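Here is a short set of exercises to work through with the model open beside you. Try each task before reading on to its solution.

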2 protein chains.
Amino acid sequence: MKWKDRLAAEGYRLTAPRRAVLQVLQQTETPLSPQEILAQAHKAHPQLGLVTVYRLLNLLTGLNLLRRVHRKDGCHGYLPASLGHHHALICQTCGRAVEFAGEADLESLISRVEMGTGYRVEDHLLQLFGLCPGCQ
Amino acid sequence: MKWKDRLAAEGYRLTAPRRAVLQVLQQTETPLSPQEILAQAHKAHPQLGLVTVYRLLNLLTGLNLLRRVHRKDGCHGYLPASLGHHHALICQTCGRAVEFAGEADLESLISRVEMGTGYRVEDHLLQLFGLCPGCQ
DNA sequence: TTTTCTGCAAAGGTTTTGCACCAAT
DNA sequence: ATTGGTGCAAAACCTTTGCAGAAAA
């Protein structure tokens, strides 16, 4: 429910299409492509258009409510974002995803790489792919 | 020169368009988009088409001679790949990229995540972004 | 009522495919 | 001579934008 409050607090309107998309995104455990989001939200709001999905995705990503991930099939997927900087671990079979915090381990890796290359590291992209407990 | 040998060994033909594209890719230090590759290779082979670039990129990526990276601007870029599983560190200002091996550090992170989540991790995507020595 | 949001249509961009011609082996 | 490669055109996608009408505040 906090997503709706957040949108209201930022001055955005709560409309039927947005409710439908929010409901899909808040419940998903797998990274969904815009098309997949449309298909699911369509049930709750049949006249929903893909354009509206894209606009809301950009809005929510900007508010850090959503995280955009790279899927193995090349598409982009969207996942509800936890607070702070987390990373995604995605099941290659069922798509189910969990987030994990790997900052501590990355920091030592990053300082070693900085030392070795002379670069200063400012950002990173880390995703893991594997099999979830149910798919092993 | 070993790329050409590799192509020949795999039964692929050495043509003028391919020579032009190979020359560009073997020399680059920054991840190039297909359009950028076309623009540079065009000098050596003016009638080169973008389609041919795409086909060769897919071919070389399949042979593990090229690595596809995600650029911050959303485009895909291509870098010559070293042997083994390496990762890219890309300068956000000039685009210059280096590869680094972070397997040792990642292994401890990965086993910790496997322990915590119950997933089995089979693959990963790691890229670092920062400033190269010259751009700091 | 005022501003924002929506959905359509259309544009822009990237990547793939079909096909006839051409070139490397 | 064969086989595979090229380039054009066109198609298939994905994503963004312009705009008039609709809905939230």
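**Exercise 1. Strands across the interface**

Which residue of β5(B) is the bridge partner of Asp123(A)?

Solution. This is a predicted model, so the steps below use computed values.

Step 1. Look at the two strands: β5(A) and strand β5 of chain B, residues 120-131, run antiparallel and are joined by eleven bridges.

Step 2. Find Asp123(A) and go across to β5(B), where its bridge partner is Phe129(B).

Step 3. Try another residue of the pairing: for Leu125(A), the bridge partner in β5(B) is Gln127(B).

**Exercise 2. The other pairing of β5(B)**

Find how strand β3 of chain B is joined to β5(B), and decide whether β5(B) is largely enclosed or open.

Solution.

Step 1. Strand β3 of chain B covers residues 87-91 and runs parallel to β5(B), with four bridges between them.

Step 2. Take one example from this pairing: opposite Leu89(B) stands Leu128(B) in β5(B).

Step 3. Now check burial, where the cut-off is under 20% relative accessible area. Of the twelve residues of β5(B), nine are buried, so the strand is largely enclosed by the rest of the structure.

Step 4. When you look at the side chains, keep a general point in mind: along a regular strand they alternate between the two faces of the sheet.

**Exercise 3. The interface as a whole**

Describe the contact between chain A and chain B by its residues, its buried area and its polar links.

Solution.

Step 1. Start with the residues: chain A brings 36 to the contact, and chain B brings 36.

Step 2. Add the area: about 3200 Å² is buried between the chains, and carbon and sulfur atoms give 64% of it.

Step 3. Turn to the charged links. Four salt bridges are counted between chain A and chain B. In one of them, Arg112(A) meets Asp105(B) at 2.8 Å, N to O. Polar contact across this interface is found for 17 residue pairs, both residues being at pLDDT 80 or more.

Step 4. Ask which elements take part on the chain A side. At least two residues each come from β3 (87-91), β4 (97-100), α5 (103-117) and β5 (120-131) of chain A. The largest share is that of β5(A), with twelve residues.

Step 5. Sort that side by class: 19 residues are nonpolar, ten are polar and seven are charged.

**Exercise 4. A helix residue and its contacts**

Is Val113(A) buried or exposed, and which residues beyond its sequence neighbours does it contact?

Solution.

Step 1. Locate Val113(A) in helix α5 of chain A.

Step 2. Its relative accessibility is 8%, so Val113(A) counts as buried.

Step 3. Set aside neighbours within four places in sequence; Val113(A) is then in contact with Gly118(A), Leu89(B), Phe100(B) and Leu128(B). You have already met two of these names as a facing pair: Leu89(B) stands opposite Leu128(B).

**Exercise 5. Asn64 in each chain**

What is the sign of phi at Asn64(A) and at Asn64(B), and where do these residues lie?

Solution.

Step 1. Begin with the general expectation: most residues other than glycine have a negative phi.

Step 2. Compare Asn64(A), which is not a glycine and yet has a positive phi of about 60°. For Asn64(B), phi is also positive, near 65°.

Step 3. Place them. Asn64(A) is in the loop between α4 (50-62) and β1 (66-70) of chain A, and Asn64(B) is in the loop between α4 (50-62) and β1 (66-70) of chain B.

Step 4. Check accessibility, where exposed means over 50%. Asn64(A) has a relative accessible area of 56%, so it is exposed. Asn64(B) reaches 58% and counts as exposed too.

**Exercise 6. A threonine in a loop**

Locate Thr28(B), then find which backbone oxygen lies 2.7 Å from a polar atom of its side chain.

Solution.

Step 1. Thr28(B) sits in the loop between α2 (16-27) and α3 (34-44) of chain B.

Step 2. With a relative accessible area of 14%, Thr28(B) is buried.

Step 3. The backbone oxygen in question belongs to Thr30(B).

Key:
Residues numbered from 1 in each chain as written. Chains lettered and ligands numbered in written order. Predicted model: local features only at pLDDT ≥ 70, side-chain atom pairs only at ≥ 80, totals over all residues. Heavy atoms only, no water. Buried < 20%, exposed > 50% of the residue type's maximum accessible area, 1.4 Å probe, protein only. Polar contact = N/O pair within 3.5 Å; in protein donor to acceptor, adjacent residues only side chain to side chain. Contact = heavy atoms within 4.5 Å. Buried area = accessible area lost by both parts, 1.4 Å probe. Salt bridge = Lys/Arg side-chain N within 4 Å of Asp/Glu carboxyl O. Nonpolar A, V, L, I, M, F, W, Y, C, P; charged D, E, K, R; others polar. Pairing = 2+ DSSP bridges.
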